[in-house]
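Trainee: I am new to this structure and would like a close look at a single part, the place where the two chains meet. Could you walk me through that part?

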Amino acid sequence: MAAGVGAVAAPAAKLRVEGLRFRYRTTEALAGVDLAIAEGEFVSILGPSGCGKTTLLRVVAGLLAPDAGRVFLSGRDITHQPPERRQLNMVFQHLALFPHLSVVENVAFGLRFQGEPKRIRSEKAGEMLDLVGLAGFERRSTHQLSGGQQQRVALARALVTEPEILLLDEPLGSLDFAIRKEMQAELKAIQRRLHITFVFVTHDQTEAMAMSDRVILMRAGAIVQDASPVETYLNPVDAFAASFVGETNLLQGVVESVAAGVCSIRIGGARVRVAAPDALAAGAHVAVSIRPEHITLRRAGAPATIAGRVENESFVGPEVLGEVATSIGLLKTRESAVRAPVGRLGDEVGVEIDGSRARVFLLDASA
Amino acid sequence: MTSVAGDPVAPAAVLRNRTHRRSIARLLSTVALAAPLTVWLAALVAVPLGILVVYSFWRVVAFQIVHVYSLANYRASFSRVFLRALENSLVIGLSTAAITCVIAFALAWAVRFRVRRGKNLLLLAIVAASAGSYLARIYAWRGILGAQGAINSFLTAVHLTSGPLGFLIFNRGAVIVALVNLFVPYAFLPIYANLLAVDPEILEAGRVLGAGPIRNLRHVALPLTAVGLATSFVYVLIFATGDFAIPTFLGGPTGLPAAQVIQSQFGEIFNWPLGAAMAIVYLLVLGGISALLAVYAGRRSRRLAR
């Protein structure tokens, strides 16, 4: 927590949380979370289940009271305001549409409490249904809609009151793949059009990468990394970040030597030269993250980092995803399907590792 | 179904025929399922009710029932005594039903959304509260509310009052208190079952969308539990209005319940036809109120199921 900030946070942040702590009986769901989100940003909060991301969202919404810390919306301290007083809205995991109300009544629900007369309410609700592509569905019951359509109703209901921020709690989780992709694109388009700040909770890293301006990666109640999707993918801060965002080969090794920003790491029988991070000394135990696309297969006998045998290959259209057994373990590979494959299933191959793209993380002494 | 079952291009006539046969089979199985209850109700409700209707048009002359049809009993049943008793019963029934539903709703709400540990034990305790002798309950309430009862003894002992408070018993209030106590466990179950189907997320959605606790109750929680509430209300209304032992033992001398007036026609007064007419009037009034509530609940549940 910044000293001397007082009751009002920096005006630039639309949403700001400081030192949030929340404890369920035995687990620390939020272990001191600080976060600032700017106006109009699309931010994803990403993490495995139980990492505290939903708890964070619920604290911001006012559905949970934090044990410690503050929440600011547009600079105002809203930590102790009940949910109905906060100028924000939420799309729930199971959508939580009102089964006793029609589609248009669902969407108009929030407007009632803003003191809008009935005519304006249904007018605004109609416009919002138009925006999400549900014009003509006003009188329907929510049971008569498909999953994707219900999703749109939930979104329209949350947007019609013009909230300062919209919180989304894994809203696409229940949709099947094709509709999910379509809704991702649509959510993004609507967010750009309305310029409302979106805070999107998900455990799906491809979803987070595809949609957001910024990815906040959480684990065990704390923020691990807070960066753009590209930055998160290219420069993960630790082994967890590297393995959770995108696919990677995580290998353990020992630093042999460090010289001129390049270090030589011994991983089993192989030696890899990688760009060295700060504070790495010879003898240090490290984890090396090598993305599948940074591995190139060569014909057996050609110069390569290490030898291996193709154990698995699956053709996924533009790419062939493979697994190659080597003396340092099973390595995931990803090769363009345009070129003829170097080795087929069972073939001996050479494995070339592009060390300049690898990332090295110092392992704890305890690990 | 025979060979047509797997035929992908069955002609329309065959399809229609098949649907037709299927709907007949459905109808038959429905009849079979409903038959035992139908026979039971016919034998024990419809037949006696028919006899009651016939009786209500007969007369009593010199302690003999004569089979002369007239509307005289109905005219006679709109007497001051019966109408006041009917009003008294309805006030007791409606108040009891309303208070019971409020208490049962609050209890069901707490068990559903607030209680975390020991929920099953609590449910068991609530169901257990419906056990226990009806008569023992009446005497227990006399022991609590009476002049030498628990409340008055306590108040006198701590010198809050100099003598026993007389208004605690032998009036409509005491009757309602005892009836509410009797019916809360029964009213609890339909409301609780209804609340089980309400996703807490829906209530949270209401809050986040700007409804404070009271408005959320009114616009979200109550509409979603209207069916359970109406069920409990009708149930309690019917039994509380028809009760006559509790009003007799805990009510005042002025608060004669309709059921007792009717019962006395079949007993000491010996005017079965008049009693039958009063019973019919009573049934029509109570049935009318219940039917309105049932229609309301039916509309609600259809809307939810749509």
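**Where chain B meets chain A**

Mentor: Happy to, and a good starting point is a pair of side chains: Arg207(B) and Glu84(A) form a salt bridge, with 2.8 Å from N to O. Please keep in mind that this is a predicted model. Across the interface of chain B and chain A, the rule finds 2 salt bridges, and the pair you have just met, Arg207(B) with Glu84(A), is a salt bridge of this kind. If you count polar contacts between chain B and chain A, you arrive at 4 residue pairs, both partners being at pLDDT 80 or more.

Which elements of chain B give two or more residues to the side that touches chain A? They are α8 (200-208), α9 (213-242) and α12 (272-305) of chain B. The biggest contribution to that side is made by α8(B), which gives 7 residues. Sorted by class, the side of chain B that touches chain A holds 10 nonpolar, 4 polar and 7 charged residues.

Now let us step back to the whole contact. Chain B brings 21 residues to it, and chain A brings 27 residues. On the chain B side, the residues that lose the most area to chain A are Glu201(B), Val208(B) and Leu209(B), and together they make up 31% of what that side buries. The area buried between chain B and chain A comes to about 2300 Å². Carbon and sulfur atoms give 61% of that area.

Two of the helices you have met also turn up in another feature, the largest pocket. Its lining takes at least two residues from each of α3 (80-114), α8 and α9 of chain B. Here α9(B) supplies the largest share of the lining, with 5 residues, whereas on the side that touches chain A it is α8(B) that gives the most. In total, 19 residues line the largest pocket, and those that lie nearest its centre are Trp109(B), Phe113(B), Arg114(B), Leu203(B) and Glu204(B). By class, this lining has 11 nonpolar, 1 polar and 7 charged residues. The volume of the largest pocket is about 610 Å³.

To retrace the route on your screen, begin at the salt bridge of Arg207(B) and Glu84(A), follow α8, α9 and α12 of chain B along the side that touches chain A, and end at the pocket lining that α3, α8 and α9 of chain B help to supply.

Technical notes: Residues numbered from 1 in each chain as written. Chains lettered and ligands numbered in written order. Predicted model: local features only at pLDDT ≥ 70, side-chain atom pairs only at ≥ 80, totals over all residues. Heavy atoms only, no water. Contact = heavy atoms within 4.5 Å. Buried area = accessible area lost by both parts, 1.4 Å probe. Salt bridge = Lys/Arg side-chain N within 4 Å of Asp/Glu carboxyl O. Polar contact = N/O pair within 3.5 Å; in protein donor to acceptor, adjacent residues only side chain to side chain. Helix = DSSP H or I, 4+ residues; strand = E, 2+ residues; numbered from the N terminus. Nonpolar A, V, L, I, M, F, W, Y, C, P; charged D, E, K, R; others polar. 1 Å grid on protein atoms, 1.4 Å probe; cavity = no way out; pocket = protein on both sides within 12 Å on 5 of 7 lines; lining within 4 Å. Points joined across faces, edges and corners; volume = space filled by probe spheres on them.
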